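Here is a short round of questions and answers on one structure. Each answer sets a value against its definition.

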Amino acid sequence: MKEVKVGLLGATGAVGQRYINMLSHHPFLRLEILMGGKSAGKKYGAAVKWLFSESIPEETAKKEVKKAVPESAKGCDVVFSALPSEVARQIEPTFARAGFAIVSEASAHRADSDVPLMIPEINPDHLKLLESQRAKRGWKRGIVTTPNCTVTGLALVLKPIIDSFPLKKAIVTTMQALSGAGYPGVSSLLIVDNVLPYIPNEEEKVSKEAKKILGKFNGNRIDPHKIQLGISCNRVAVIDGHMETLYCEFEETVDPKKIISALESFQGIPQKLKLPTAPEQPIIVRREQDRPQPRLDRLAGTVPGMSVTVGRVRNGIDDKSIQLTLLSHNTVRGAAGTAILTAELMATKGFLK
Ligand SMILES: NC(=O)c1ccc[n+]([C@@H]2O[C@H](COP(=O)([O-])OP(=O)(O)OC[C@H]3O[C@@H](n4cnc5c(N)ncnc54)[C@H](OP(=O)(O)O)[C@@H]3O)[C@@H](O)[C@H]2O)c1
């Protein structure tokens with residue numbers, strides 16, 4: 001694969017740092033340009049409040065953070081955006097207009113009818129939306145988005161279930177990590193010794209985004225999946241890793257063993273293409289009664305943090321229902337990792353030309 005030059009908007013944030021961590025040894029995505037807001041003009045090492053135990057890659061620490069304008073990214077093929085949504089809404093179209101491919105973590109454009117919302121194992125065909133986006137907006141490459149960090153693990157687990165079993169409805173309760181709120185995030189006085197039972201706008205986003213991702217590409221639009229979803233989102237005092245309990249009701253009797261087998265055997269195009277950030281198994285099922293746990297399982301998989309771990313798969317109130325617990329790393333699978341996997345798929349399928 002030919003080298004692809006990469007720019008990064010929001011390089012100092014919780015997600016931006018995860019990009020730097022994940023791209024530091026990438027075989028063909030080469031991180032060239034870092035961009036930000038308050039940190040623009042400073043050396044990255046001096047501007048960032050680095051959150052990882054490994055040091056900042058030396059080359060990266062020495063780079064100057066540039067202003068978040070298209071001229072800064074000259075020479076890049078793709079620009080990852082880890083900007084706050086309200087900032088992304090203004091800035092991302094200026095980069096798209098200037099000819100860049102934008103792969104964005106922000107929610108600003110996720111719901112736009114001509115913008116793909118990607119989890120490459122689930123909906124690789126949704127990239128074809130770019131054709132109508134480019135025609136309509138006159139952009140050379142365009143904007144692609146990746147989902148809210150809570151949706152990613154949930155949608156990956158729902159996909160093999162809805163493909164093989166007659167699902168009627170699903171009820172989800174989340175226990176979301178602190179890093180999901182960015183840096184510095186939630187005040188310690190609010191979260192220590194506590195659980196916050198409300199995350200603004202989160203439940204609406206999870207429902208809308210899951211339906212779009214699981215929906216069907218239909219020429220120039222996505223027809224959302226009609227799944228009935230009930231969602232409760234909570235913030236808990238865990239650093240990384242969103243845990244979710246999922247309750248599913250089916251039209252007919254379901255055997256937990258068959259659900260486990262569908263989850264474990266699930267693979268997508270990224271696995272077939274052996275993309276560098278694709279884990280061999282997108283979903284790992286644990287048999288122990290007390291797994292998954294954030295501390296033990298958030299970095300699971302052949303690409304650490306890119307596999308969702310599922311456990312406690314069992315019947316619910318009757319044999320037409322299933323309960324399980326799932327865990328996914330919110331800044332890896334739920335953010336930078338899925339965006340990097342999307343860029344790998346775009347590069348492989350010719351969408352970055
Ligand atoms: N955290 C997660 O688990 C997660 C998961 C999925 C998606 N997301 C989404 O990803 C995005 C980034 O999240 P985060 O958690 O990394 O947030 P964060 O820690 O608050 O970081 C925000 C970044 O945006 C930059 N920024 C802010 N205002 C700017 C401006 N006007 N111009 C240019 N740069 C600006 C900041 O740079 P300066 O310091 O230089 O101002 C910083 O690097 C958000 O849209 C979030 O919803 C987050």
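Q: Where is Arg312 found?
A: Arg312 is found in strand E13 (residues 308–315). Strands (E, at least two residues) and helices (H or I, at least four) are DSSP runs, numbered from the N terminus. This is a predicted model, where local features need pLDDT of at least 70, side-chain atom pairs count only at pLDDT 80 or more, and totals for chains, interfaces and linings use all residues. Residues are numbered from 1 along each chain as its sequence is written, and side-chain values use heavy atoms, with hydrogens and water left out.

Q: Why is Arg312 called partly exposed?
A: Buried means under 20% relative accessible area, exposed means over 50%, and partly exposed is in between (1.4 Å probe, protein chains only). Arg312 has 33% relative accessibility, so it counts as partly exposed. Its backbone has a positive phi of about 55°, although Arg312 is not a glycine.

Q: Which residue in the loop between H7 and H8 has a positive phi?
A: That is Asn201, which is found in this loop. Its phi is about 65°, and Asn201 is not a glycine either.

Q: What makes E10-E7-E11-E14-E13-E12 a sheet with edges?
A: Two strands pair if DSSP finds at least two bridges between them. Here 6 strands form an open sheet in that order, and the pairing is mixed. The edge strands are E10 and E12, because each pairs on one side only. Neighbouring strands are turned by 25° against each other on average, direction ignored.

Q: How do you know that E7 and E11 pair?
A: The rule asks for at least two bridges. E7 and strand E11 (residues 242–250) are joined by 8 bridges and run antiparallel. One example is Met175, whose bridge partner in E11 is Met243.

Q: What packs on this sheet?
A: Helix H9 (residues 256–265) does, touching E11, E12, E13 and strand E14 (321–328). Contact means heavy atoms within 4.5 Å. The direction of H9 makes about 165° with that of E13. Such angles run from 0 to 180 degrees between N-to-C directions, and the axes are lines fitted to C-alpha atoms, for helices over the stretch in contact.

Q: In which order do the strands of the parallel sheet run?
A: The order is E3-E2-E1-E4-E5-E6, an open sheet of 6 strands. Its edge strands are strand E3 (66–67) and E6.

Q: How do you know that E5 pairs with E4 and with E6?
A: Strand E4 (residues 78–81) meets E5 over 4 bridges, in the parallel sense. There, Val78 stands opposite Ala101. Strand E6 (residues 142–145) also pairs with E5 in the parallel sense, over 4 bridges. Val103 has Val144 as its bridge partner in E6.

Q: What makes the unit of E4, helix H4 and E5 right-handed?
A: A crossover is right-handed if, with the strands pointing away from the viewer, the path from the first strand over the helix to the second runs clockwise. E4, helix H4 (residues 85–97) and E5 make a β-α-β unit of that hand.

Q: Which way do the residues of strand E5 (residues 101–104) point?
A: Ala101 and Val103 point one way, Ile102 and Ser104 the other way, and all are buried. In a regular strand the side chains alternate between the two faces of the sheet.

Q: Why is Gly334 called buried?
A: Its relative accessible area is 3%, so Gly334 is buried. Gly334 lies in helix H12 and touches Glu105, Pro147, Asn148, Cys149, Thr152 and His329, not counting residues up to four places away in sequence.

Q: Why is there no bond from Cys149 to Cys233?
A: A disulfide is a pair of cysteine sulfur atoms within 2.5 Å. The sulfur of Cys149 is 9.5 Å from the closest cysteine sulfur, in Cys233, so this is too far for a bond. By this rule the count comes to 0 disulfides. Cys149 is buried, because its relative accessible area is 13%.

Q: How do you know that the length of H8 agrees with its residue count?
A: The expected span of a helix is 1.5 Å times one less than its number of residues. Helix H8 (residues 202–213) has 12 residues and should span 16 Å; its end C-alpha atoms are 16 Å apart, so the two agree.
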